[in-house]
Amino acid sequence: MAATPAQRYTLIDGRGPAYIGLLAVLGALVLIGLACAYTMEHNGHVITGMSNQVVWGTPHVFAVFLIVAASGALNVASIASVFGRRHYKPLTRLSGLLAIALLVGGLSVLVLDLGRPDRLIVAMTYYNFKSIFAWNIFLYVGFMVVVAVYLWMMFERRMNRFSKPAGLVAFLWRLILTTGTGSIFGFLVARQAYDAAIMAPMFIIMSFAFGLAIFLLVLMSTGRPLGKQLLGRLANLLGVFVASVLYFSLVFHLTNLYATQHHGVERFILLDGGIYTVAFWVGHIIVGGLFPLLLLYVTPRRSPALIALAAILVILGGLAQVYVIIIGGQVYPLDLFPGREVSSSFFDGVVANYTPSLPELGLGVGGFALALAVVAVAVRVLPFLPEDLSDHAVDPNHVPEPAPRAVEAGDTSAA
Amino acid sequence: MSVSRRRFLAAGATAAGAAALAPGLRLVDLATARSPEEAASSLNRWGLLIDADKCADGCRACVDACHTENGVSGHDRPETDPQWIRTVSVSDPQTGHSQQLPVMCQHCEEPPCVDVCPTGASFRRDDGIVLVDKHICIGCRYCMMACPYKARSFIHEQVTDQKPDMPRGKGTVESCTLCVHRVDRGDTQTACAEACAKEGHRAILFGDLNDADSEISRELKAHGGIQLRADLHLNTGVRYRGLS
């Protein structure tokens, strides 16, 4: 069997107007995000949609989505390094880069939404080790270090032989990291919408789908020749992940539906929760689940454009899913007196109001833009991208799909 | 304020050590005032007993007194204004029976807010009072997500007219302190309990749950009291009676 051909990794050409324009747009969005954060900090969170009822808002939706997607973006590298699938090998550098970039974007949003972002140093020096947030500070910073080392092993020829163990460490680290992110919610015993061990593995499978969707879009936008089979493999994988997310969501809600004490919150999310019910069914299930599956598996000709559309839908549906989990879970009132009806001046017993405000959206989108800007700059200054990702460049044993006419002619030469 | 709290904690550890080394030593009368240098002691467990039967419908004396005492004022924005204590109307959909009672930080022995706080800003004193150290609170609001009682408020905008005893700051989280400044002064009443008594209801009783001779302990022993969300096993310092 022939060895994987040595890939030539090159910088992208950053002189064209498209690249400059992209950087300008991303830079502007980052600046808008910073301005939003400053406005929130200056005036207080009163200018946002957040309140004492909904304490985590749209910034957290973006932050959690990006952090979850970050760990998922590393998957492509893990498949190559840990599971030895050489077809994915040329994609490992981009996969590691995207993982770091998305995490930087997500963490920036999270930190800039703090009531006191100026006290970041306090968060780095005072630790309560029973807090999952405190664990996450180590997990997130550690992830960046581990993936950076992994990238170095891949870039430096002398270190190449260590890339497999480094990849394994990064893979295990990302599993723990996403477990930590899911557990932020899973461990909240007081809230009906959370308090479930399944949230940790559900977040892991969500990360697979969201991370791969973003990876696919970034890869397709680099302009490198992209093999049909390679793209097809990634698209198949995305479909499997999307179906798995639907499965986990199904089990999560079925389990809740079985327990009478959770009927209230389930009825709210699934049936009469207004915008949250719409976000769940239309956003998460249809746009983010069923429609991409249709595009990826059922359409007769799966063109790159359809695959890109499926990836975009997975991202939109994912944002809707995280929105339902974070915001929907909070607007539903706490069950302070189980079995009783309650009311108060502090909105006990009623569904809370929440409307995303412009500063929140600006901050969240700014985080997204920051992640993409990091990628855009990095591929310009370091050779993250293989020159050629066409099928025969990725796999010397590649056999082009026989065209119908060729089949008739009996031209089916084996590898 | 945080300096004295830190001193409290440090001295608390010393006191615990001393108590372990000298068992049987008769400690000072617990009800007397402590000097600022003296630690909060686990020999005390401060708490409240709230009698829902005595809480008068529509009365807000405890709420007003608390917010005046601690300088907690709003901006007529109910969704973001802080509320350290609120009256909750509770009714049984089956029987139609309805009553009102005040809810505030329940000063849990196992506080979920303290568990989740990444920096340790949420903390529980040895004497059972759960507080926020405003100097190391980063405003992440995870404690508000974790609290089963919705007891905490985030300061959404600039605060003015702060009380010297109760520093507050935009971007941090706060809640009932069980009038810790009064406890440390040696007072025997919280602002809410005092106001309720002044109205003649006596629905709120403050005292030391660890002192068998205190009125609150005697009342609880004689007539019992329940915890809100007792299923969570948090062993709250605030107990309720008359909730039916």
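**Entry 1. The sheet shared by the chains**

I looked first at an open sheet of three strands, ordered β2(A)-β2(B)-β3(B), with antiparallel pairing. I note here that the model is a predicted one. I then asked which strands stand at the edges of this sheet. They are β2 (341-344) of chain A and β3 (98-104) of chain B; each has a single partner strand, so one side of each is left without a neighbour in the sheet. I read the twist as an average of 30 degrees from one strand to the next.

I next followed the pairing between the chains. Four bridges join β2(A) to strand β2 (residues 85-91) of chain B in the antiparallel sense. Within this pairing I found Ser343(A) opposite Ser89(B), and Ser344(A) has Val88(B) as its bridge partner. Helix α2 (residues 61-69) of chain B packs on the sheet, where it touches β2 and β3 of chain B. The direction of this helix makes about 160 degrees with that of β2(B).

**Entry 2. The contact between chains A and B**

I looked up how many residues of each chain are in contact with the other. The contact involves 39 residues of chain A and 45 residues of chain B. On the side of chain A that touches chain B, α5 (120-125), α6 (132-155) and β2 each supply at least two residues. I recorded the make-up of that side of chain A as 19 nonpolar, 13 polar and seven charged residues.

**Entry 3. Chain B and its strand β1**

I listed seven helices and nine strands as the secondary structure of chain B. This chain has 244 residues, of which 47% count as buried. Among its contacts with a separation of 6 or more, 63% are between residues 24 or more positions apart.

I then turned to strand β1 (residues 46-51) of chain B and asked whether its residues are buried or exposed. Six of its six residues are buried. Trp46(B), Leu48(B) and Ile50(B) point one way from the strand, while Gly47(B), Leu49(B) and Asp51(B) point the other way. Both sets are buried.

I also checked the partners of β1(B). Strand β8 (residues 204-208) of chain B runs antiparallel to β1(B) and is joined to it by five bridges. In this pair, Gly47(B) has Gly207(B) as its bridge partner. Strand β9 (residues 238-241) of chain B runs parallel to β1(B), with four bridges between them. There I found Leu48(B) opposite Val238(B).

**Entry 4. The largest nonpolar core and helix α13 of chain A**

I asked which residues touch the most other members of the largest nonpolar core. In this core of 194 residues, they are Leu66(A), Leu98(A), Leu102(A), Ala209(A), Leu238(A) and Val375(A). Helix α8 (residues 199-220) of chain A gives the most to the core, with 17 residues. I set beside this a general remark: in soluble globular proteins, nonpolar side chains tend to be buried together.

I followed Val375(A) further. Apart from its neighbours within four places in sequence, Val375(A) is in contact with Leu97(A), Leu98(A), Ala101(A) and Val218(A). Leu98(A) thus appears again, being listed with Val375(A) among the core residues named above.

Last, I examined helix α13 (residues 358-381) of chain A, which has 24 residues. From its first C-alpha to its last, α13(A) reaches 34 Å, close to the 34 Å expected at 1.5 Å a residue. I recorded α13(A) as mostly covered, with 19 of its 24 residues buried.

Notes
Residues numbered from 1 in each chain as written. Chains lettered and ligands numbered in written order. Predicted model: local features only at pLDDT ≥ 70, side-chain atom pairs only at ≥ 80, totals over all residues. Core = buried A, V, L, I, M, F, W, Y, C linked by C-beta atoms within 7 Å. Buried ≥ 20, exposed ≤ 12 C-beta atoms within 10 Å, placed from the backbone. Contact = placed C-beta atoms within 7 Å. Pairing = 2+ DSSP bridges. Axes fitted to C-alpha atoms, helices over the stretch in contact; angles between N-to-C directions. Nonpolar A, V, L, I, M, F, W, Y, C, P; charged D, E, K, R; others polar. Expected span 1.5 Å × (residues − 1).
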